[in-house]
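Got your viewer open? Load the model, keep the selection box handy, and let's take a walk through it.

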Amino acid sequence: MPPDARLPRTRLSVPAYIDGVRRGHRATLARAITLVESERSDDAAPAADLLDAILPHTGRARRIAITGVPGAGKSTLIDALGLHLVRDRGERVAVLSIDPSSPVTGGSLLGDKTRMARLAAEERAFVRPSPARGHLGGVALRTREAILLCEAAGYDTVFVETVGVGQSEIAVREMTDCFVLLLLAGAGDELQGLKRGIVEMADILAITKADGANRGPAALARTTYAGAMHLFLPAADRWSPPVLTTSALEGEGVTELWDTVLAHQAQSDASGRRLARRREQAVAWMRELVTTGLGRALAQDPAVASVLAEYETRVADFKLSAVSASNEILLRFLRRG
């Protein structure tokens, strides 16, 4: 029995979390992520202490975003990529998979671990599904913190698999180094996808499921996208996003895709863009947390809470505009400060 399997299912002390994460104990890492994802007020301080303590041990892993429309085969491709890294390259791989949450019940299927059954069974891999819980951008609220914990646990590559809801997926770009967009041939969106948005943000495009009868359409889609990518301005590091074809089912294009990820990393490092991007991401992360915290404080402020229902009624009855109502609510909050 591995040592992390004997840990009790209670909250650990911060030093115990730190020790378990640094030793690469997968069960402790999973519980540490649960701690930072917790919405309990008494978990906020130990979670912050944990993140501060492991921060010096972060930053060394590759952070790779995998996104695309539902059905593009994100989980299947990550499973194939992860196995290539673990078995052929001897690396340790972590996958943070974000599953959609029900807007009715708030529940989530968390099925990605099942779809990555081969990778999840590997000792050098860690697969963690988390519910989006309504957070926008295809990621969960604490995905950034989970990335840091995986890095501190010694994983060489951290994949972030997004929910897959379309153009709003760009949020994941603000927490990763390489943004891989998966596309389907014959889905009717070859030209639609070329509009300004998620395609413009991608570092690498991959046409998936390029096998069997779909091999020809995939090759055609690759040509179409490759030609259209020249319409976009080059990235700050002069990287021109390549378009590849892959088949996770037949294992074709998987190694080539990973070699392209490494080429992108090498160019980003040489230009200094990767470090600059991470600095920008850290500051943006802080600002997002401040904004979230202010919104929570506003909602909990007694002066606001006492009149909020009144404002909601007036806005719902079209007696007051949402702009005026929000301005008045904010003024009440600021006066209390």
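**Stop 1: a strand under cover**

Start by selecting Ser 97 and Pro 129: Pro 129, in S3, is the bridge partner of Ser 97. Before you go on, know that this is a predicted model, where local features need pLDDT of at least 70, side-chain atom pairs count only at pLDDT 80 or more, and totals for chains, interfaces and linings use all residues. Residues are numbered from 1 along each chain as its sequence is written, and side-chain values use heavy atoms, with hydrogens and water left out.

Now show the whole of S2 and S3, which pair in the parallel sense over seven bridges. Two strands pair if DSSP finds at least two bridges between them. Helices (H or I, at least four residues) and strands (E, at least two) are DSSP runs, numbered from the N terminus.

Colour strand S3, residues 125-131: seven of its seven residues are buried. Buried means under 20% relative accessible area, exposed over 50%, and partly exposed in between, using a 1.4 Å probe on protein chains only. Turn S3 around and you'll find Ala 125, Val 127, Pro 129 and Pro 131 on one side, with Phe 126, Arg 128 and Ser 130 on the other.

**Stop 2: rings and a charge**

Stay on S3 and pick Phe 126, then add Tyr 155; both are buried. Rings of Phe, Tyr and Trp (its six-membered ring) pair if their centres lie within 6.5 Å; planes under 30 degrees apart count as stacked, over 60 as edge-to-face and the rest as tilted. By this rule the count comes to two aromatic pairs. In the pair of Phe 126 and Tyr 155, the ring centres are 6.1 Å apart and the planes are at 35°, so the pair is tilted. Phe 126 lies in strand S3 and Tyr 155 in the loop between helix H7 (143-152) and strand S4 (157-161), so the pair ties together parts that are 29 residues apart in sequence.

What sits over the ring of Tyr 155? Add Arg 92: its charged end is there, 4.1 Å from the ring centre. The rule here asks for NZ of Lys or CZ of Arg within 6 Å of the ring centre and within 35 degrees of the ring normal.

**Stop 3: Glu 91**

Select Glu 91 in the loop between helix H4 (74-88) and strand S2 (93-99). Is Glu 91 buried or exposed? Buried, with a relative accessible area of 10%. Not counting residues up to four places away in sequence, Glu 91 touches Arg 62, Leu 85, Val 86, Arg 124, Asp 156 and Thr 157. Contact means heavy atoms within 4.5 Å.

**Stop 4: empty spaces**

On a 1 Å grid over the protein atoms alone, a cavity is a set of points where a 1.4 Å probe fits but cannot get out; a pocket is an open set with protein on both sides within 12 Å along at least five of seven lines, and lining residues have an atom within 4 Å of a point.

Select Leu 51, Arg 142, Glu 145, Trp 285 and Leu 289, which lie nearest the centre of the largest pocket among its 39 lining residues. H11 gives the most to that lining, with twelve residues.

For the largest cavity, select Arg 62 again, along with others of its lining, including Ile 64, Asp 177 and His 264. H10 gives the most to this lining, with four residues.
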